[in-house]
Amino acid sequence: MTLPDLPAELKTALDARLQGLSRNDAAERATLISQTYRDGGNSATIRSEADALAYALARMPATYAAVTASLNALREITPHFVPKSLLDVGAGPGTATWAATEAFSSLQRFALLDPNRALRALALDLGRDSVRFSEMTYQLGEARAALAAAEAADLVVASYMIGEMSDAERTVLAELMWAKTRDTLLIVEPGTPAGYRRIIALREQLIAAGAHVAAPCPHDGTCPLAAPDWCHFTQRLPRSRAHKQIKGAELPFEDEKFSYVALTRAPVAQHRARVLAQPVVTKVEVTAKLCTPDGLVVAKVPRRAKADYARARRWRWGAAVTDETS
Ligand SMILES: C[S@@+](CC[C@H](N)C(=O)[O-])C[C@H]1O[C@@H](n2cnc3c(N)ncnc32)[C@H](O)[C@@H]1O
């Protein structure tokens, strides 16, 4: 499993760009960008080198952690997947590419695409000294046009990206991304009800087109969750000093909520139940909300079932587990 912290090489590259940067100015830029997102806007507010760096300092640690957690879940379910090529759609500063690089030492070719010049320039700059990225291309352009010219890849990723377009555009994009997916397509979104709805819509669309779900769902059926509930997970990540300064935060960590789906061409060999919230552990029993191949289950593992209870005590929100209580 890969750690949620940014890799040392990326931290060093970011730190080098921090020299001479006014933290106050970066914090103001990051606040404006976050406010734009909260108001339903997109990353078009990221225009300059300073904006791109402020965005990366404020958000890259969390989106990296969310993509890493999603890739860890994927790897656990499909341990024999050894992708050689990656296509990062809406790559921004290259966050998902870095996360995939850490997760899969097999990756050799990296194709990124994005219409944002400032983010593209930052991504290329951050990856410049890495030997892993000697075969990296970064196409400047809007996804639907750029994908038409892109080569298919073993692993296609769109991280925190599909929320920046209309439903109609997203439907077209989903089809194009799937067409470029040789093996696995991973979509990661903020863990909000809206992010979840986008994931579910894309999931349904692509299952109808022949895709299978590797994670988080242990089935290809309809999601058993009903509003106001929604499927999301959380990943804790450390905050560096610069990260805290940019966010005006005190705590040395933050918890990133995210939703994701990993879709594969081949069906998954064996599904396990997914823990959908942090289980409640008491001296009497462990209570856990599980998504199973047969639907939603609230598993109660009594203390008297010693071995099961000991195992269930270690269950964590987001984990794939074997539920022997059902
Ligand atoms: C929130 S950022 C996420 C960037 C990166 N994937 C990450 O996880 O850090 C969203 C990215 O999607 C890109 N984007 C938005 N609309 C796009 C489109 N139609 N085609 C390609 N990229 C797009 C933006 O330029 C921006 O870089």
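A residue counts as buried when its relative accessible area is under 20%. Leu-18 is a good place to try this out: its relative accessible area is 7%, so Leu-18 is buried. This residue belongs to helix α1, which covers residues 8-18. Please keep in mind as you look around that the model is predicted.

While you have Leu-18 in view, find Leu-74 as well. The two residues are 56 positions apart along the chain, and 34 Å separates their C-alpha atoms.

**Around the ligand**

Now turn to the ligand. How many residues surround the ligand? There are 20, and the closest are Gly-90, Thr-95, Asp-114, Ala-143 and Ser-159. By character, the shell divides into ten nonpolar residues, seven polar ones and three charged ones.

Some contacts with the ligand can be picked out atom by atom, as in this table.

| Residue | Atom on the protein side | Atom on the ligand | Distance |
|---|---|---|---|
| Gly-90 | backbone N or O | nitrogen | 2.8 Å |
| Asp-114 | side-chain N or O | oxygen | 2.5 Å |
| Glu-142 | polar side-chain atom | nitrogen | 2.9 Å |

How much of the ligand does the protein cover? On its own, the ligand has 590 Å² of accessible area, and the protein covers 93% of it.

**Aromatic rings**

Next, look for the flat rings. The structure holds six aromatic pairs. One of them joins Phe-81 and Phe-104, whose ring centres are 5.4 Å apart. Why is this pair called edge-to-face? Planes over 60 degrees apart count as edge-to-face, and the planes of these two rings stand at 75°, so the pair fits that description.

This pair also links distant parts of the chain, since its members are 23 residues apart. Phe-81 is in the loop between α3 (49-77) and β1 (85-89), while Phe-104 is in the loop between α4 (95-103) and β2 (109-114). Are the two residues buried or exposed? Phe-81 has a relative accessible area of 10%, so it is buried. Phe-104 is buried too, with a value of 4%.

Phe-104 has another partner to look for. The charged end of Arg-75 sits over the ring of Phe-104, 6.0 Å from the ring centre. A second arrangement of this kind involves Trp-178: Arg-265 lies over its face, at 4.0 Å from the ring centre. Elsewhere among the aromatic residues, Trp-98, Phe-110 and Phe-133 form one cluster.

**Backbone details**

Finally, follow the backbone itself. Which peptide bond is cis, with omega near 0°? That is the bond from Ala-215 to Pro-216. Pro-216 has its place in the loop between β6 (212-215) and β7 (233-238). The bond from Ala-227 to Pro-228 is cis as well, with omega near 10°. Pro-228 is also found in the loop between β6 and β7, so you can look for both prolines there.

Tyr-160 offers one more backbone detail. Its phi is near 50°, a positive value in a residue other than glycine. You will find Tyr-160 in the loop between β4 (153-159) and α7 (167-179). Is Tyr-160 buried or exposed? The relative accessible area of Tyr-160 is 15%, and this residue is therefore buried.

Terms used
Residues are numbered from 1 along each chain as its sequence is written. This is a predicted model: local features need pLDDT of at least 70, side-chain atom pairs count only at pLDDT 80 or more; totals for chains, interfaces and linings use all residues. Side-chain values use heavy atoms; hydrogens and water are left out. A residue is near a molecule or strand if one of its heavy atoms lies within 4 Å of it. A polar contact is a pair of N or O atoms within 3.5 Å; within protein, one must be able to donate a hydrogen and the other to accept it, and residues adjacent in sequence count only if both atoms are side-chain atoms. Accessible areas come from the Shrake-Rupley method with a 1.4 Å probe; for residues, only the protein chains shown count as cover. Ala, Val, Leu, Ile, Met, Phe, Trp, Tyr, Cys and Pro count as nonpolar, Asp, Glu, Lys and Arg as charged, and the others, Gly among them, as polar. Rings of Phe, Tyr and Trp (its six-membered ring) pair if their centres lie within 6.5 Å; planes under 30 degrees apart count as stacked, over 60 as edge-to-face and the rest as tilted. Helices (H or I, at least four residues) and strands (E, at least two) are DSSP runs, numbered from the N terminus. Buried means under 20% relative accessible area, exposed over 50%, partly exposed in between (1.4 Å probe, protein chains only). A charge sits over a ring if NZ of Lys or CZ of Arg is within 6 Å of the ring centre and within 35 degrees of the ring normal.
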